[in-house]
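These exercises are to be worked with the sequence and the coordinates open. Each one sets a task and then solves it in steps.

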Amino acid sequence: MKLNGAAILIECLIEQGVGTVFGFPGGAVLPIYDELYKRQDRISHILTAHEQHAGHAADGYARATGRTGVCLATSGPGATNLVTAIATAYMDSTPVVFITGNVPQSLMGTDSFQEADISGITMPITKHNYMVTRVERLADTIREAFYIARTGRPGPVLIDIPKDVQIAETEYTALSGEALIPRLSMKHPTAQLRPEGEALERYKIKAEPRLEQAAQLIAEAHRPLIYCGGGVILSGAQQALQELAERADAPVVSTLMGLGAVPATSSRMLGMLGMHGTHAANIAMQRCDLLIAVGVRFSDRALGKAETFAPGAKVLHIDIDRAEINKNVSTTLHITGDARIVLELLLSRVSQKHHEQWMQQARSMIEDYLSDELFEPRKILGGMAAISPEITIATDVGQHQMWTAQHFPFVRPRQLITSGGLGTMGFGLGAAMGAAAADEAHRPVVLVTGDGSFRMNLTELSTIAYYNIPVIVVIFNNGTLGMVRQWQTLFFGHRYSQTTLDRGPDFMKLADAYGLPGARVDNMEAFTAAYREAVERGGPCLIECMLDIDEMVAPMVAPGSPIDSFCLN
Amino acid sequence: MYIHPDNLRRYTVGVLVDNEPGVLSRVSGLFSRRGFNIESLAVGPTQDSEVSRITIVVKGDDAHIEQLVQQLYKLICVQKVQVMQSRNAVERQLLLVKVKAGPADREGLMRLVDIFKAKVLDVTKSSMILQITGENDKISSMLSLLEDYGILELVRTGMVALERGDGVMTSDIFD
């Protein structure tokens, strides 16, 4: 069947099982939007107010479901507006395919209207990107892009399609199943890392010696500790990881991205580690004699000072990305591969261990943080958990994000959707929207945000209102860029340079302007009532929590300090 | 990545890549954003028209080079990477140099051309263009001798290298 490039793109999205696309139209993608119009029975499009948030929405969709998100934007400013969203997805390894239009190739390189070299711009922040120069290559390029985005260590892939390629026609044959896997899988070495069938048998043979050594390390350890990261969630390894924790009789600490892989309610879970980690997690890290690091990249926020990190421990590192091995911390032994596959292979070699004393010691370091204040973040998050323990929570970036990570007891993978690596303020509303739109049961998603972050994305209230996307926006309003203020308090002599937000807007009037219900609360009783009602109603709304400007995130380890030397308790 | 100067060594890395537009900027961009110091870089097509070969000389230590190889493998356009040891590889680069050469200088220059197995490509009343191929040391010593005459312009290709013996480049990411 002869189709033009735009129609081939839509057909290829259908091939990949894409049901929802987030985007914003423009001159260079008009042929694509025309085809979307014709195929609206198969693909629904959510029009955001700004391309950045369409990108975050596709990212949130991918984080919530594990499926590849898709975002569409026009050339020039449309494409450059995606840059922050692409970098966010890249740092947190989420599979998103970004599609941009570009000016016709006859105009390319002439600084024509709305022209930008988006493949050049996004080279360092994509797993791979393409500029399609011939319509004959388009279908295979799209198939390859989806394959690259979701396999190995997932990540964003961008496809730039000049307008003339969208218009040009060629023969198209629909493919499905195995046929969709591109030639590339044979060729590229990283593609061999998530093996199946025969390849899995070969992998087992290759990994055998290292699995034996790993089992040996676990057998010899007296104080093993599991350090769980986002890779565990990406590979669906939570079950195997929990079994390993049982078998090795080890406590677990988690990175921000790994929260939910082991339920916060588990007796093995010591909480998040790092700069705002719990006492128990950070001290256990320094006392363990074997660190079993799974799906982690030893980020500086988790490590503190790399040289003093886990000083007495042998390090067993399991990760799909070989480049993460020995990058920040030297390992005793590593196994490169998919976390779930590796852990399942490892489990059969590990016999039941008993470390009662170590478990008890680790558990005894868990502290209860008590506050006399009547209305503070911990109580609010505790209140939310009591009403909706399994609800999906997206955050923006700053104090509210850390409070959420610390105080909301995450009980399942993909429950927390947060920008961990890039730390993108303004990520939350788009991401929450994407996560909510992905849920076929139309369950509400909560966005916990701060007044600073929310001011960066509140334009998307129009989107959640128009499509009636059930996002419950909980704003922690302390009238400041709280995390920066906290650093100014601790390290810059209380000089609050450009962090006080004494300038509105009035969020209740704003909610009203968008036709959304809103509630401003300053006590637990009012909050609980408003939140319960919001969850039960299940539609978009705003709840503004008025907090003290000097509220801080504790505990805290100063940047570059050993992970167990807290500057704030 | 900080490296103590005592641990700095020179590594020659061969990279087989897809012969596609933008590949060189993907590879060189990776080097600059990850803070690797490229000493020289040479690129050209191979016997397979779909594959190009890049030779990179980089300074670092062993940990640094491990990281570099693994990061290179993450580029979709990279097929194989090989770190070559000097003792197991033949390394060559080509240099063209325009030197001041008046009538009185020619005899001395011709003697150098002889000793270094260089070639004279162009002669005028006041200058000469010489071509020298060889390893780094040879080229450096030739250049230091030519300085006495006055170097007007020079250009070099960057190092290219092949491993000695029958073997061809292999890739092994699982190690």
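**Exercise 1. The fold of chain B**

What pattern of helices and strands does chain B follow when read along the sequence?

Solution. The model is a predicted one.
- Step 1: count the elements of chain B, which gives four helices and nine strands.
- Step 2: put them in order along the sequence; the pattern is β-α-β-β-α-β-β-α-β-β-α-β-β.
- Step 3: look at the contacts in chain B between residues at least 6 apart in sequence; 74% of these join residues at least 24 apart.

**Exercise 2. Extent and surface of chain B**

Describe the dimensions, burial, surface and charges of chain B.

Solution.
- Step 1: the C-alpha trace of chain B spans about 60 × 40 × 30 Å along its principal axes.
- Step 2: chain B has 175 residues, and 43% of them count as buried.
- Step 3: the exposed area of chain B is about 9,500 Å², with carbon and sulfur atoms supplying 50% of it.
- Step 4: chain B carries 21 positive and 23 negative charges, and the mean positions of the two sets are 4 Å apart.

**Exercise 3. Helix α1 of chain B**

Which residues of helix α1 of chain B are buried, and what covers them?

Solution.
- Step 1: helix α1 of chain B comprises residues 23–33, and its buried residues are Val23(B), Arg26(B), Val27(B), Gly29(B), Leu30(B) and Phe31(B).
- Step 2: within chain B, the cover of these residues includes β1 (9–18), β2 (37–45), β3 (51–60) and α2 (62–74).
- Step 3: chain A also takes part in the cover, with β6 (128–131).
- Step 4: after α1(B) comes Gly35(B), which has a positive phi near 75 degrees.

**Exercise 4. Cysteines and disulfides**

How many disulfides does the structure hold over all chains?

Solution.
- Step 1: the count over all chains is zero.
- Step 2: take Cys12(A); the closest cysteine sulfur, in Cys71(A), is 18 Å from its own sulfur, so the pair is too far apart for a bond. A disulfide would need the two sulfur atoms within 2.5 Å.
- Step 3: take Cys228(A), which is likewise in no disulfide; the nearest cysteine sulfur is that of Cys288(A), 15 Å away.
- Step 4: check burial. Cys12(A) is buried at 0% relative accessibility, and Cys228(A) is buried with a relative accessible area of 1%.

**Exercise 5. Two loop residues of chain A**

Is Ser299(A) buried or exposed, and what does its side chain reach? Treat Asp439(A) in the same way.

Solution.
- Step 1: Ser299(A) sits in the loop between β12 (290–294) and α14 (300–303) of chain A. Its relative accessible area is 17%, so Ser299(A) counts as buried, the cut-off being under 20%.
- Step 2: the side chain of Ser299(A) reaches the backbone nitrogen of Arg301(A) at 3.0 Å.
- Step 3: beyond neighbours within four places in sequence, Ser299(A) contacts Tyr227(A) and Asn328(A). Asn328(A) is 29 residues away in sequence, with a C-alpha to C-alpha distance of 7.7 Å.
- Step 4: Asp439(A) belongs to the loop between α19 (428–438) and β17 (445–450) of chain A and is buried, with a relative accessible area of 17%. A polar atom of the Asp439(A) side chain lies 2.8 Å from the backbone nitrogen of Arg443(A).

Technical notes. Residues numbered from 1 in each chain as written. Chains lettered and ligands numbered in written order. Predicted model: local features only at pLDDT ≥ 70, side-chain atom pairs only at ≥ 80, totals over all residues. Heavy atoms only, no water. Helix = DSSP H or I, 4+ residues; strand = E, 2+ residues; numbered from the N terminus. Buried < 20%, exposed > 50% of the residue type's maximum accessible area, 1.4 Å probe, protein only. Contact = heavy atoms within 4.5 Å. Areas by Shrake-Rupley, 256 points an atom, 1.4 Å probe, with all protein chains shown as cover. Lys, Arg positive; Asp, Glu negative; His and termini not counted. Charge placed at Lys NZ, Arg CZ, Asp CG, Glu CD. Polar contact = N/O pair within 3.5 Å; in protein donor to acceptor, adjacent residues only side chain to side chain.
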